[in-house]
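Subject: Structure handover

Hello,

Please find the structure below, with the sequence alongside. My notes on what was found in it come after.

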Amino acid sequence: MRHALALAREAADVHGEVPVAAVLVGADGRRLAEGWNRNIAEHDPSAHAEIVALREGGRALGNHRLLGTTLYVTLEPCAMCAMAMVHARITRLVFAARDPKTGACGSVFDLLADPRHNHRVQVEAGVLAEEASAMLSNYFRAKRGKPPVGG
């Protein structure tokens with residue numbers, strides 16, 4: 001998660017993107033892929049950090065199924081990203097901050113726990129949540145010309 005937070009910081013500071021990042025790790029603990037939000041720079045509403053990492057992971061493994069993998073994300077995934085994880089068959093999701101507006105892994109929706117899907121993703125929430133939340137809050141505060149909050 002620390003690496004994902006560093007990527008999120010870079011996404012905001014260097015690329016002007018919302019600071020969300022994802023890191024995909026294989027069953028052996030090896031980092032397979034990473035991504036950060038690129039929807040602003042690429043003019044692509046689907047270029048969320050998770051989608052970028054899943055695409056890169058599929059290329060790295062030579063397969064659209066990412067069996068045995070864990071995806072670390074700095075913000076609770078939205079519905080699009082949650083369903084991409086189901087389709088990719090990732091094993092586990094670990095995320096930092098909850099998203100009370102569009103979170104689809106327990107906050108607004110809980111798509112990964114829906115028994116109607118043919119695959120279940122294990123979820124661990126709240127890992128380094130305060131740091132991720134502060135980074136996101138301060139990004140949007142800076143956009144509005146407000147001083148940063150602690151974190």
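**Arg 2 and its salt bridges**

Arg 2 counts as exposed, because its relative accessibility is 54% and the cut-off for exposed is over 50%. Bear in mind throughout that this is a predicted model.

Arg 2 forms a salt bridge with Glu 131, and the closest N and O atoms of the two are 2.7 Å apart. This pair links distant parts of the chain: Arg 2 belongs to helix 1 and Glu 131 to helix 4, 129 residues apart. Glu 131 is partly exposed, at a relative accessible area of 24%.

Glu 131 has a second partner to look at: its side chain also meets that of Arg 9 in a salt bridge, at 3.1 Å from N to O. Since Arg 9 lies in helix 1 and Glu 131 in helix 4, this pair ties together parts that are 122 residues apart in sequence. Arg 9 is partly exposed, with a relative accessible area of 35%.

Elsewhere, Arg 116 and Asp 114 form a salt bridge, with 2.5 Å between the closest N and O atoms. The two partners sit differently with respect to the surface: Arg 116 is exposed, at 72% relative accessible area, whereas Asp 114 counts as buried, at 13%. As for shared partners, salt bridges join Arg 2, Arg 9 and Glu 131 into one network. The count of salt bridges comes to six. As background, side chains of opposite charge can pair when their charged atoms come close.

**Helix 1**

Helix 1 covers residues 2-13. At 1.5 Å a residue, its 12 residues should span 16 Å, and the end C-alpha atoms are 16 Å apart, so the two values agree.

Which residues of helix 1 are buried? They are Ala 4, Leu 5, Leu 7, Ala 8, Ala 11 and Ala 12. Seen down the axis of helix 1, these buried residues fall within an arc of 160 degrees, so they line one face of the helix. Arg 2 and Asp 13 are exposed on the other side of helix 1.

What do the buried residues of helix 1 pack against? Their packing partners are strand 1 (21-25), strand 2 (31-36), strand 3 (70-75) and helix 4 (129-143).

Ala 4 is a useful residue to look at here, being placed in helix 1. It is buried, with a relative accessible area of 1%, because buried means under 20%. Apart from neighbours within four places in sequence, Ala 4 is in contact with Ala 21, Val 23, Tyr 72 and Thr 74. Ala 4 and Leu 136 are 132 residues apart in sequence, and their C-alpha atoms are 13 Å apart in space.

**Helix 3**

Helix 3 runs over residues 79-88, and its buried residues are Cys 81, Ala 82, Ala 84, Met 85, Val 86 and Ala 88. These buried residues pack against helix 2 (49-61), strand 3 and strand 4 (92-97). Strand 3 is thus named for helix 3 as it was for helix 1. After helix 3 comes Arg 89, which has a positive phi, near 65 degrees.

**Strand 5**

Ala 125 lies in strand 5, which is made up of residues 122-125. Is Ala 125 buried or exposed? Neither label applies, because Ala 125 is partly exposed, with a relative accessible area of 34%. Leaving aside neighbours within four places in sequence, Ala 125 is in contact with Phe 95, Ala 96 and Arg 98. The C-alpha atoms of Ala 125 and Ala 8 are separated by 17 Å, and the two residues are 117 residues apart along the chain.

**The largest pocket**

Lastly, the empty space. Rolling a probe the size of a water molecule over the atoms shows where empty space is left. The largest pocket holds about 610 Å³ of space. It is lined by 22 residues, and those that lie nearest its centre are Leu 75, Asp 99, Lys 101, Leu 136 and Phe 140. Which element gives the most to the lining of the largest pocket? Helix 4 does, with four residues.

**Where to look**

When you open the model, helix 4 is a good place to begin: the buried residues of helix 1 pack against it, and Glu 131 in helix 4 is paired with Arg 2 of helix 1.

Regards

Definitions and conventions. Residues are numbered from 1 along each chain as its sequence is written. This is a predicted model: local features need pLDDT of at least 70, side-chain atom pairs count only at pLDDT 80 or more; totals for chains, interfaces and linings use all residues. Side-chain values use heavy atoms; hydrogens and water are left out. Helices (H or I, at least four residues) and strands (E, at least two) are DSSP runs, numbered from the N terminus. The expected span of a helix is 1.5 Å times one less than its number of residues. Buried means under 20% relative accessible area, exposed over 50%, partly exposed in between (1.4 Å probe, protein chains only). The arc is that of the directions from the helix axis to the C-beta atoms. Contact means heavy atoms within 4.5 Å. A salt bridge is a side-chain nitrogen of Lys or Arg within 4 Å of a carboxyl oxygen of Asp or Glu. On a 1 Å grid over the protein atoms alone, a cavity is a set of points where a 1.4 Å probe fits but cannot get out, and a pocket is an open set with protein on both sides within 12 Å along at least five of seven lines; lining residues have an atom within 4 Å of a point. Grid points are joined across faces, edges and corners, and a volume is the space filled by probe spheres set on the points.
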